[in-house]
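Here is a friendly walk through one structure, strand by strand and charge by charge. Keep the 3D view open as you read.

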Amino acid sequence: QVHVTESGGGSVQAGGSLRLSCVASGLDKSVFANPCMGWFRQAPGKGREGVAGIERVSTTTYYLDSVKGRFTISQDYAKNTVYLQMDSLKPEDTATYYCAIGAWRGGYCYPGSPDAGYWGQGTQVSVPS
């Protein structure tokens, strides 16, 4: 069974940095031909958006336009771990951040179903204005 766990959230002043980590287990049981791991976020009253993703084999990456140049996604393939380094944080980055396993298609990481264990529980990032 696939299991995803995030860590590293918190509250930081605008301009500060945070590093999120995500560990996945059971990846050999995933069904994706081109597996990827991605970070998604949801702010109160807003829809979910894909922040960054990385294709596990090629390490091709994707970034949401509003975080380009500020966030960096990386992975430790052997440890099934992906990181999101977030620098120059802004109040609009405040959200719950989720890590998910998915399928890489067309330069984007499409996440799998939460019911199948492909999503973590989320970690809160707060950047007060």
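## Charged pairs

A salt bridge here is a side-chain nitrogen of Lys or Arg within 4 Å of a carboxyl oxygen of Asp or Glu. Please keep in mind that the model is predicted. Searching the whole structure turns up 4 salt bridges. One of them links the side chains of Arg41 and Glu49, with N and O 2.7 Å apart, which is inside the 4 Å limit. The two partners differ in their surroundings: Arg41 is buried, at a relative accessible area of 6%, whereas Glu49 is partly exposed, at 31%.

Arg41 also forms a salt bridge with Asp93, where the closest N and O atoms are 3.0 Å apart. Because Arg41 sits in strand E4 and Asp93 in the loop between E8 and E9, this pair ties together parts that are 52 residues apart in sequence. Asp93 is buried, with a relative accessible area of 1%. Through shared partners, salt bridges join Arg41, Glu49, Arg70 and Asp93 into one network.

For a pair in another setting, look at Asp65 and Lys68. Their salt bridge has its closest N and O atoms 3.0 Å apart, and both Asp65 and Lys68 are exposed. As a general point, side chains of opposite charge can pair when their charged atoms come close.

## A buried glutamate without a salt bridge

Which side chain of opposite charge is nearest to the buried Glu6? The nearest is that of Arg48, but Arg48 is 11 Å away, and Glu6 has no salt bridge. Since a salt bridge needs the nitrogen and oxygen within 4 Å, that separation of 11 Å is too long for one.

What does the side chain of Glu6 have beside it instead? A polar atom of this side chain lies 2.8 Å from the backbone nitrogen of Cys99. The backbone nitrogen of Gln121 lies 3.1 Å from a polar atom of the Glu6 side chain. Glu6 itself belongs to strand E1, residues 3–7. Leaving aside neighbours within four places in sequence, Glu6 touches a list of residues that includes Ser21, Cys22, Trp39, Tyr97 and Tyr98. Gly120, Gly122 and Thr123 are also among the contacts of Glu6.

## Strands E4, E5, E6 and E9

Strand E4 covers residues 35–42, and 7 of its 8 residues are buried, so it is mostly covered. E4 is joined to E5 by 7 bridges, and the two run antiparallel. Along this pairing, Gly38 stands opposite Gly53, and Gln42 stands opposite Arg48. E4 and E5 make a hairpin with 5 residues between them, and Gly45 in the turn has a positive phi of about 80°. E4 is also joined to strand E9 (residues 95–105) by 8 bridges, again antiparallel. Here Pro35 stands opposite Ala103.

Is strand E5 enclosed or open? Of its 8 residues (48–55), 6 are buried, so E5 is largely enclosed by the rest of the structure. E5 pairs with strand E6 (residues 61–63) in the antiparallel sense, over 3 bridges. Ile54 stands opposite Thr61 in that pairing. These two strands also form a hairpin with 5 residues between them, in which the turn residue Thr59 has a positive phi of about 60°.

## The four-stranded open sheet

In what order do the strands of the open sheet run? The 4 strands follow the order E1-E3-E8-E7, with antiparallel pairing. E1 and E7 (71–76) are the edge strands, each pairing on one side only. On average, neighbouring strands of this sheet are turned by 15° against each other, direction ignored.

E7 pairs with strand E8 (residues 81–86) in the antiparallel sense, over 6 bridges. Within that pairing, Thr72 has Gln85 in E8 as its bridge partner. In general, strands of a sheet pair through backbone hydrogen bonds, either parallel or antiparallel. Edge strand E1 brings us back to Glu6, which lies in E1.

Conventions. Residues numbered from 1 in each chain as written. Predicted model: local features only at pLDDT ≥ 70, side-chain atom pairs only at ≥ 80, totals over all residues. Heavy atoms only, no water. Buried < 20%, exposed > 50% of the residue type's maximum accessible area, 1.4 Å probe, protein only. Lys, Arg positive; Asp, Glu negative; His and termini not counted. Polar contact = N/O pair within 3.5 Å; in protein donor to acceptor, adjacent residues only side chain to side chain. Contact = heavy atoms within 4.5 Å. Pairing = 2+ DSSP bridges. Axes fitted to C-alpha atoms, helices over the stretch in contact; angles between N-to-C directions.
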